[in-house]
Amino acid sequence: MDAVHPDALAARSDALTGLPGRDAARARLAEWLDRGEPVHALLVGLRRFDAVNLAYGSAAGDAALGEVAARIRHFAHGELDGAWIAARGGGGQFLLLSTEPCSRERWQLVSTQLLDALAGPIAVGGNTLRLSPRGALLRSLGGEDADSLLDRLGQTLASVMAAPARRLGWADG
């Protein structure tokens, strides 16, 4: 399993969460794809995150993002057997990439469990926040590059975020 904070990625880490940033995750993804490794991906978006910043202040929003990052790291460390990287994509978006060999059904179960963990209450400054995580997931296609994979994820997450009743969607190729 890859370390949660590989030294090579530390310089490109998000200062707020300590997770590698989008560029570091993209570089790792490209490396895995170039080696022909199958990749499973989950892009998480936090619905109503702007409302948290507005209602409780940016310090509370920042604390909530830190807690989300910690939950993702803890979950991935306990649930994923293959190499993985968790990264912050900016705003209320997080990316989890894994080379764990698993079925589509297993990846959906893992993703659903992670969204459940992220939806739990977060105590911040005497307040209890509840975020509404949504996710886009996929399994890489043979010959796909990192930009194509991330584009598919982003488009699917936008679709999921726009549909109030949807929580998770597959970015099928």
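Contact here means heavy atoms within 4.5 Å. Keep that in mind as we go. One more point before the tour: this is a predicted model.

Let's start with Glu100. Where does Glu100 sit? Its place is in the loop between β3 and α5. Is Glu100 buried or exposed? Glu100 has a relative accessible area of 6%, and the limit for buried is under 20%, so Glu100 is buried. What does Glu100 touch, once neighbours within four places in sequence are left aside? The list runs His40, Glu79, Leu80, Asp81, Gly82, Ala83 and Arg106.

Take the last name on that list. Glu100 and Arg106 meet through their side chains in a salt bridge, 3.7 Å from N to O. In general, side chains of opposite charge can pair when their charged atoms come close. The two partners differ in burial. Glu100 counts as buried at 6% relative accessibility. Arg106 counts as partly exposed, because its relative accessibility is 26%.

Now the other salt bridges. How many are there in the whole structure? A search finds 9. Here are some of them.

Arg88 pairs with Asp14, and their closest N and O atoms are 3.1 Å apart. This pair links distant parts of the chain. Arg88 is in strand β2. Asp14 is in the loop between α1 (7-10) and α2 (22-34). The two are 74 residues apart. Both Arg88 and Asp14 are buried.

Next, Glu144 and Arg152. They form a salt bridge too, with the closest N and O atoms 2.8 Å apart. Glu144 is buried, with a relative accessible area of 10%. Arg152 counts as buried at 13%. There is also a network: Glu31, Arg35 and Glu37 are joined by salt bridges that share partners.

On to the nonpolar core. How many residues does the largest one hold? It holds 31. Which members touch the most other members? They are Leu46, Val68, Phe94, Leu96, Trp107 and Leu131. Several elements give two or more residues to this core. On the strand side, these are β1 (40-47), β2 (84-90), β3 (93-98) and β4 (122-124). On the helix side, they are α3 (49-56), α4 (58-79) and α5 (104-119). Helix α4 gives the largest share, 8 residues.

Look at Leu131 more closely. Leave aside its neighbours within four places in sequence. Leu131 is then in contact with Leu46, Phe49, Val52, Ala64, Val68, Leu118, Ala119 and Ile122. Two of those names, Leu46 and Val68, were on the list of core members that touch the most others. There is a second, separate core as well. It has 20 residues, including Ala25, Leu97, Ala146 and Ala171.

Now the pair α4 and α5. These helices pack at an angle of about 145°, and their axes are 10 Å apart. Is the crossing left-handed or right-handed? It is right-handed. From α4, the contact uses Val68, Arg71, Ile72, Phe75 and Glu79. From α5, it uses Arg106, Val110, Gln113, Leu114, Ala117 and Leu118. By type, the contact residues divide into 7 nonpolar, 1 polar and 3 charged.

Pick out Gln113 from that contact. Gln113 is in helix α5. Gln113 is partly exposed, with a relative accessible area of 31%. Which residues does Gln113 touch, not counting those up to four places away in sequence? The answer is Phe75 and Glu79. Gln113 and Phe75 are 38 residues apart along the chain, and their C-alpha atoms are separated by 8.9 Å. Glu79 has come up before: it is also in contact with Glu100.

Two loop residues to finish. First, Arg48, found in the loop between β1 and α3. What is the phi of Arg48? It is near 65°, a positive value in a residue other than glycine. For background, most residues other than glycine have a negative phi.

Then Gly142. Gly142 lies in the loop between β6 (132-139) and α6 (146-162). Is it buried or exposed? The limit for exposed is over 50%, and Gly142 has a relative accessible area of 81%, so Gly142 is exposed. Gly142 and Asp172 are 30 residues apart in sequence. In space, they are 13 Å apart, C-alpha to C-alpha.

That ends the tour.

Key. Residues numbered from 1 in each chain as written. Predicted model: local features only at pLDDT ≥ 70, side-chain atom pairs only at ≥ 80, totals over all residues. Heavy atoms only, no water. Core = buried A, V, L, I, M, F, W, Y, C linked by side-chain atoms within 4.5 Å. Buried < 20%, exposed > 50% of the residue type's maximum accessible area, 1.4 Å probe, protein only. Helix = DSSP H or I, 4+ residues; strand = E, 2+ residues; numbered from the N terminus. Axes fitted to C-alpha atoms, helices over the stretch in contact; angles between N-to-C directions. Left-handed = near helix turned anticlockwise from the far one by under 90°. Nonpolar A, V, L, I, M, F, W, Y, C, P; charged D, E, K, R; others polar. Salt bridge = Lys/Arg side-chain N within 4 Å of Asp/Glu carboxyl O.
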